[in-house]
Amino acid sequence: MRIAMIGAGYVGLVSGACFAQFGHDVVCVDKEADKIARLRRGEIPIYEPGLEKLVADNVRSGRLEFGSNLGDAVGNADAVFIAVGTPTRRGDGHADLSYVYAAAAEIAEAIRGYTVVVTKSTVPVGTGREVARIIREAQPSGEFDVAANPEFLREGAAIEDFMKPDRVVIGVESQRARDVMAAIYRPLNLIQTPMVFTNIETAEVTKYAGNAFLATKITFINEIADLCEKVGADVHDVARGIGLDGRIGRKFLHPGPGFGGSCFPKDTLALAYTAREANAPQTIVEQVIEVNNSRKKRMAQKVVEFSGGSVKGLKIAVLGLTFKPDTDDMRDAPSLDIVPALQAAGATIVAFDPAGMAEAARLLPGIGFAKTAYEAASGADVLVVITEWHEFRGLDPRRIKEAMRQPRIVDLRNIFDPEEMRGLGFAYEGIGRPRPRT
Ligand code: UDX
């Protein structure tokens, strides 16, 4: 199959490289000439484990190309994927679809022969239908179908998620389009990946429902963690105790400082907005958004209370700034709420993050950066773990203790064992874990 991928951002680049790996001929186009020039030189603008090699291999084999001429790419394609950004519109929380519709209009001009136009970006229900209308208006006799094929990639595990997904959801409404989509995903069929074929609206809702459910699950365990803290229960055991019930499942029951990232915050907002417009308010999701936002703000207060009611004049070491490990993405990261609140309360912050410091320097003015976790801990009065990078789990607590001015840890991801840390002489506080009985 010949595929045009419109947008060489996170989703476009990962999907394009993976489709090429499936054996298809893929051209990724992007309006940002600079991005295309960098990609042509083999530079990957995002941090995603394994992506650089995947791109390089497929460019070398001639299956993956980068360009800025949308017309040529679309004109030769069997399927065109729209993978442009859908940021949150300022003011109302709705997804901004201007890039999607602009792409549809350009695609309309370029289509030659039967083409399936697929929305890969996360788009509110109704967008696929609108894309079809835009193309039909520009090309009344154009031969095309529209499909909705949401992605479920997690940053940091995107390639694995694409190559071995739990399922593929495809909204199509003609046999011809279904055949093209089935051919594109044939390699996954061979490994018996469930293919869920639906109508277009259903595929669009499925994406939002999936993300909203996961965001709800996280928020649920976060509130249970708060209860555990108050009553002397351990949220990890509660999560295991409920998660072993197959109807609940163990994943996404890890408590923390609140969810962030490029998807959950944006998609829950967009779902709430669309649902209100459709007169079917999603009150649970609205509550999740609110609880999560206030949780992120409350985490700084937790550090202040742990420090005896004030952090004025204290040096706080922060480990991890990105919204989760294995990414350099800082979008809606809890650190963006926690760090400024601690600064406002009078603390000096020195942070270490394995990949996020360049971006953090832009977003978090006034913080110092260390080259290692130990360097950040050096002379600190409190150490706060905000992101659970794997390498932090392997830190030597004795070395951390020696480096710190006062051995105190607030572990917002529960990466350390409370008893072990207390046994080593740390004042230690996790999330939803019993405090020592006094
Ligand atoms: C998510 C979805 O998982 C993915 O399917 C979708 O396509 C895009 O959004 P991503 O944002 O990359 O992916 O990361 P994910 O691993 O889902 O984590 C999202 C946020 O939830 C992070 O801030 C993470 O720290 C938090 N989280 C996740 C928890 O706090 N606890 C958990 O148990 C799981």
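Why does the ligand lie between domain 1 (2-198) and domain 2 (237-429)? In this predicted model, both domains give residues to the shell around the ligand, so the ligand lies between them. The site itself is a pocket, the second largest one.

The shell was examined next. It holds 18 residues around the ligand. Those that come nearest are Leu153, Glu155, His254, Cys263 and Arg413. By class, 9 residues of the shell are nonpolar. Another 6 are charged, and 3 are polar. Among the elements that contribute, helix 10 (residues 200-231) gives the largest share. Its share is 3 residues.

Several polar atoms of the protein lie by oxygen atoms of the ligand. Glutamate 155, one of the residues that come nearest, takes part through its backbone. A backbone N or O atom of this residue is 2.7 Å from a ligand oxygen. Two lysines take part through their side chains. In lysine 324, a polar side-chain atom lies 3.0 Å from an oxygen atom of the ligand. In lysine 207, a side-chain N or O atom is 3.2 Å from a ligand oxygen. The protein also covers much of the ligand surface: on its own, the ligand has 660 Å² of accessible area, and the protein covers 92% of this.

Technical notes. Residues numbered from 1 in each chain as written. Predicted model: local features only at pLDDT ≥ 70, side-chain atom pairs only at ≥ 80, totals over all residues. Heavy atoms only, no water. Near = heavy atom within 4 Å. Polar contact = N/O pair within 3.5 Å; in protein donor to acceptor, adjacent residues only side chain to side chain. Areas by Shrake-Rupley, 256 points an atom, 1.4 Å probe, with all protein chains shown as cover. 1 Å grid on protein atoms, 1.4 Å probe; cavity = no way out; pocket = protein on both sides within 12 Å on 5 of 7 lines; lining within 4 Å. Sits in = over half its atoms within 2 Å of the grid points. Helix = DSSP H or I, 4+ residues; strand = E, 2+ residues; numbered from the N terminus. Nonpolar A, V, L, I, M, F, W, Y, C, P; charged D, E, K, R; others polar. Domains from an automatic or database assignment.
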